Amino acid sequence: RGVITNAGGAVRVQTLPGQENYPAVNANGIQSQVLSRWASSFSVTAGTKNTVLEAVGRSVSTARPSTGKRPKKTLDKKAGNKDCKADIAFLIDGSYNIGQRRFNLQKNFVGKVAVMLGIGTEGPHVGVVQASEHPKIEFYLKNFTAAKEVLFAIKELGFRGGNSNTGKALKHTAQKFFSLENGARKGIPKIIVVFLDGWPSDDLEEAGIVAREFGVNVFIVSVAKPTTEELGMVQDIGFVDKAVCRNNGFFSYQMPTWFGTTKYVKPLVQKLCSHEQMLCSKTCYNSVNIGFLIDGSSSVGESNFRLVLEFVSNVAKAFEISDIGSKVAAVQFTYDQRTEFGFTDYVTKEKVLSAIRNIRYMSGGTATGDAISFTTRNVFGPVKDGPNKNFLVVLTDGQSYDDVRGPAAAAQKAGITVFSVGVAWAPLDDLKDMASEPRESHTFFTREFTGLEQMVPDIIRGICRDFLDSKQ
């Protein structure tokens, strides 16, 4: 049992030795009971005066009577917050460091975060792992898809005790938690939020490396960080910086105490829902925009044009296309240009592949330079400030009637990496003039349209290589 005291208007719960089995009375004569038994049936609020504590008896289920508006939101609730794309493991501290009382406060805070995230089938999914002597996965992403169920599961968690082997738990979570069988979703950022009371009793650096290798974004929420006198007991003072996804300030979050944490809920939720900041889950497969500039001139012919579209489909297939992932656009050109679809027109792979199949052959002349300028301005223009890296794949079978060098240089200056793919009569000089540096690795040529198929893996590898180089 604990003591409820009023320190400067703040409610504090403390564990005192020898009082485990007796009711405790505070300075104001208010008897306290075990928090876990009573949390659902009353709330304690600090009065305006320093000496007054007001106990308000309210049943949680009837505190806010149902209104007429609620049933309308049922569908939204089930789907959850669609703007918050995340698969999250809360790695809570269950060690003797934190103790039973603060463990309950931690659960309370995690519950509030879970509710505010907007858990639902199409929103964020969460699970919980408890770090103590040995890590224990309490529940997986797939177990609950409603906030109410998650809240109940968190409330039921038992305190394990033992050393705070956070590194061991972080490594275990990164390796075992995010499998497809356990509910992880393709193309959704994977996040581990590590709650740490004080400091870890083992090494976090190696665990942080493992998590990054698995594409997991590690956040550290540290509470009651070590005082100056305690620093001597900390194995590695820089443990936070070594564990987080990136040491840029975004992935670490500090709370002074477990008491009065409500104001920290919203800022943490906002961080966890910023999918464009989840740098550790960004790969070339889910973080690129690929524009295809397709030659529709008369020399190509209908049957060869189908082979070109097959090539485009096979490259697009390799990427994780979604509203928060990679995006694909296509422009067909002759003397004129036609945007077949832009980056935001289709946000699923199925729809993109269907749109590619449905492109109709134009037939006409070849003005590749104009087409590059048109695509840079109209297709890449709207996404130029977005988080994804931009690529343009130019496919042509002949000599351009206009200058390609100037428009290609302008495209590259606008941050677009250009791959040129030539077939049949396409002059090598034109292809090299269009391609990004180093030109040899961005220029491709084949005599026959059937040769395009063999180039698919090289284009995909090239895009991934450039993406990685840009992140160095």
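## Disulfide of cysteine 284 and cysteine 464

The link of cysteine 284 and cysteine 464 is right-handed, with 60° about the S-S bond. It belongs to a predicted model. The sulfur atoms of cysteine 284 and cysteine 464 lie 1.8 Å apart and form a disulfide. This pair connects distant parts of the chain: cysteine 284 sits in the loop between H9 and E13, cysteine 464 lies in helix H15 (residues 452-471), and the two are 180 residues apart. Cysteine 284 and cysteine 464 are both buried.

## The other two disulfides

The structure holds three disulfides. In one of them, cysteine 84 is bonded to cysteine 273, with 2.1 Å between the sulfur atoms. The torsion about this S-S bond is -80°, and the link is left-handed. Cysteine 84 belongs to the loop between helix H3 (74-79) and strand E7 (87-93), while cysteine 273 belongs to the loop between helix H9 (262-272) and strand E13 (288-295); the pair joins distant parts of the chain, 189 residues apart. Both cysteine 84 and cysteine 273 are buried.

Another disulfide runs from cysteine 245 to cysteine 280, with an S to S distance of 2.1 Å. Because the torsion about the S-S bond of cysteine 245 and cysteine 280 is about 105°, this disulfide is right-handed. It too links distant parts of the chain, 35 residues apart: cysteine 245 in the loop between helix H8 (239-243) and strand E12 (252-255), and cysteine 280 in the loop between H9 and E13. Cysteine 245 has a relative accessible area of 4%, under the 20% limit, and therefore counts as buried. Cysteine 280, at 9% relative accessibility, is buried under the same limit. With the bonded cysteines of the protein chain numbered in sequence order, the pairing reads 1-3, 2-4, 5-6.

## Surroundings of cysteine 245

Leaving aside residues up to four places away in sequence, cysteine 245 touches Arg212, Asn217, Val218, Phe251, Leu279 and Cys280. Of these, Cys280 is also its disulfide partner. Cysteine 245 and isoleucine 191 are 54 residues apart in sequence, and their C-alpha atoms are 9.4 Å apart in space.

## Helix H9

The buried residues of H9 include Tyr264, Val265, Leu268, Val269, Lys271 and Leu272. Viewed down the axis of H9, its buried residues fall within an arc of 155°, so they line one face of the helix. Among the elements that cover these buried residues are E7, helix H4 (99-117), strand E10 (190-197), strand E11 (216-223) and E12.

## Nonpolar cores

The largest nonpolar core has 69 residues, and Phe90, Leu117 and Leu272 have the most contacts inside it. H4 gives the largest share of this core, seven residues. A second, separate core has 41 residues, including Ile294, Ile321, Val423 and Phe449. In soluble globular proteins, nonpolar side chains tend to be buried together.

Leucine 117 touches two of the H9 residues named above, Val269 and Leu272, and also Cys273. Its other contacts are Asn81, Cys84, Ile88, Phe90, Pro124 and Val126, again not counting residues up to four places away in sequence. The list thus holds both partners of one disulfide, cysteine 84 and cysteine 273.

## Hairpin of E14 and E15

Strand E14 (residues 327-333) and strand E15 (residues 337-341) run antiparallel and are joined by four bridges. Three residues lie between E14 and E15, and the two strands form a hairpin. Valine 331 stands opposite threonine 339 in E15.

## The chain as a whole

The protein chain contains 15 helices and 18 strands. It has 472 residues, of which 49% count as buried. Among contacts between residues at least 6 apart in sequence, 76% join residues at least 24 apart. The accessible surface of the protein chain comes to about 22,800 Å², and 52% of that surface belongs to carbon and sulfur atoms.

Notes: Residues numbered from 1 in each chain as written. Predicted model: local features only at pLDDT ≥ 70, side-chain atom pairs only at ≥ 80, totals over all residues. Heavy atoms only, no water. Pairing = 2+ DSSP bridges. Disulfide = S-S within 2.5 Å. Buried < 20%, exposed > 50% of the residue type's maximum accessible area, 1.4 Å probe, protein only. Contact = heavy atoms within 4.5 Å. Areas by Shrake-Rupley, 256 points an atom, 1.4 Å probe, with all protein chains shown as cover. Arc of directions from axis to C-beta. Core = buried A, V, L, I, M, F, W, Y, C linked by side-chain atoms within 4.5 Å.
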